[in-house]
Amino acid sequence: MDTALLEQRFNEKIDRDVRIEPKDWMPDHYRKTLIRQISQHAHSEIVGMLPEANWITRAPSLRRKAAALAKVQDEAGHGLYLYSACETLGVERDDLLSDLHSGKAKYSSIFNYPTLSWADMGAIGWLVDGAAIMNQVPLCRASYGPYARAMVRVCKEESFHQRQGYEIMLTLSKGSEVQKKMAQDALNRWWWPSLMMFGPTDAESKHTEQSMRWGIKRFTNDELRQKFVDATVPQADLLGLTIPDKDLKWNEERGHYDFGAINWDEFFNVISGNGPCNKQRLDARNKAWEEGAWVREAANAYAEKKAKRKAA
Ligand code: FAQ
């Protein structure tokens, strides 16, 4: 069948909202876009384990420690589903990881900020997982089957993370003056980077238009950012905390909150590798890779032995 006809069939499927599956014909650009987005997403989950893992040994109680451990393990699981989904597009996981380790591949800007206090565990759960859910629930309807299906379980787990983060913030904000200050300080530091997670404005976004046409993205970056602000402001009110934005104001006419200008220079600086923790995060991932070499060797040796036994 000629390419024009294949492309026409592919476009018809997209128009009818029929899922594209790994063995289906797809345009090269669609495949590449998915590999880029899914692998960046997988890397974000794996690098995203680092800021919180930092607090597992310092959690204030056994209950908090158990929840933090479970959350970080969930994130490892999300990374694995996503690498698997990406491999269905014909790439090797080792190549994807090599691009992460060399600094060539991107991962979410948010994980390049430091976690300075226990309240940051609350703020990350509430804001970062909250932003992740806002972005990822529509991805459960993405046109590529393996990505959409992986997102279903990821979103369920992210919802638990968001709730447990909010509950940490609630406990701190109803606690002593010092605890309330810690919660406010964490909100001050995580608010703007959380808004940046949604990516550049629609006017600056390179990929949104095409990804929307293909049904990979269902909303634009600005639409999701606005939904997040609208959902989160009342939650901050309930905590008795103040969002660090003097321009934040309900706009009756639009039926949305207006919010202040995002520092896009900071965002582009962070995604170019110059954020506060970029180097630390990549060093930690490279160290984990090197120290895990014996596990990969043992697994390969076992697989070879099993294959030989089967062949004999
Ligand atoms: N950070 O044209 P667009 C999580 C890049 S998971 C870094 O708008 P697109 C779970 C973008 O890649 C968080 N880079 O791109 C968790 C592109 O670069 P390229 C991750 C960013 O793809 C919670 C360039 O800028 N979630 O949090 C960022 O249409 C708590 C132009 O941008 C996902 O990955 C950024 N924030 O839209 C774990 C969700 N934004 O490749 C632990 C899936 C943009 O041309 C604890 N991904 N860039 O060099 C998506 O929905 C999309 O890829 C966007 C970006 C919305 C992130």
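**Around the ligand**

Biologist: How far does a polar side-chain atom of Gln40 lie from an oxygen atom of the ligand?

Modeller: This is a predicted model, where local features need pLDDT of at least 70 and side-chain atom pairs pLDDT 80 or more, while totals for chains, interfaces and linings use all residues. Residues are numbered from 1 along each chain as its sequence is written, and side-chain values use heavy atoms, with hydrogens and water left out. A polar contact with the ligand is a pair of N or O atoms within 3.5 Å. For Gln40, that distance is 2.7 Å.

Biologist: And what share of the ligand's exposed area does the protein bury?

Modeller: His207 has a polar side-chain atom 2.6 Å from a ligand oxygen, and for the side chain of Asn135 the N or O atom is 2.9 Å from one. Alone, the ligand exposes 1100 Å² (Shrake-Rupley, 1.4 Å probe). The protein buries 93%.

Biologist: Which helix gives the most to the shell around the ligand?

Modeller: The shell has 35 residues (a heavy atom within 4 Å). Helices here are DSSP runs of H or I, at least four residues long. H6 (119-136), H7 (145-173) and H11 (264-274) are among those supplying at least two residues each. With six residues, the top giver is H2.

Biologist: Is Thr115 buried or exposed?

Modeller: Thr115 is found in the loop between H5 (93-102) and H6. Buried means under 20% relative accessible area, exposed over 50%, partly exposed in between (1.4 Å probe, protein chains only). Because its value is 8%, Thr115 is buried.

Note on methods:
Polar contact = N/O pair within 3.5 Å; in protein donor to acceptor, adjacent residues only side chain to side chain.
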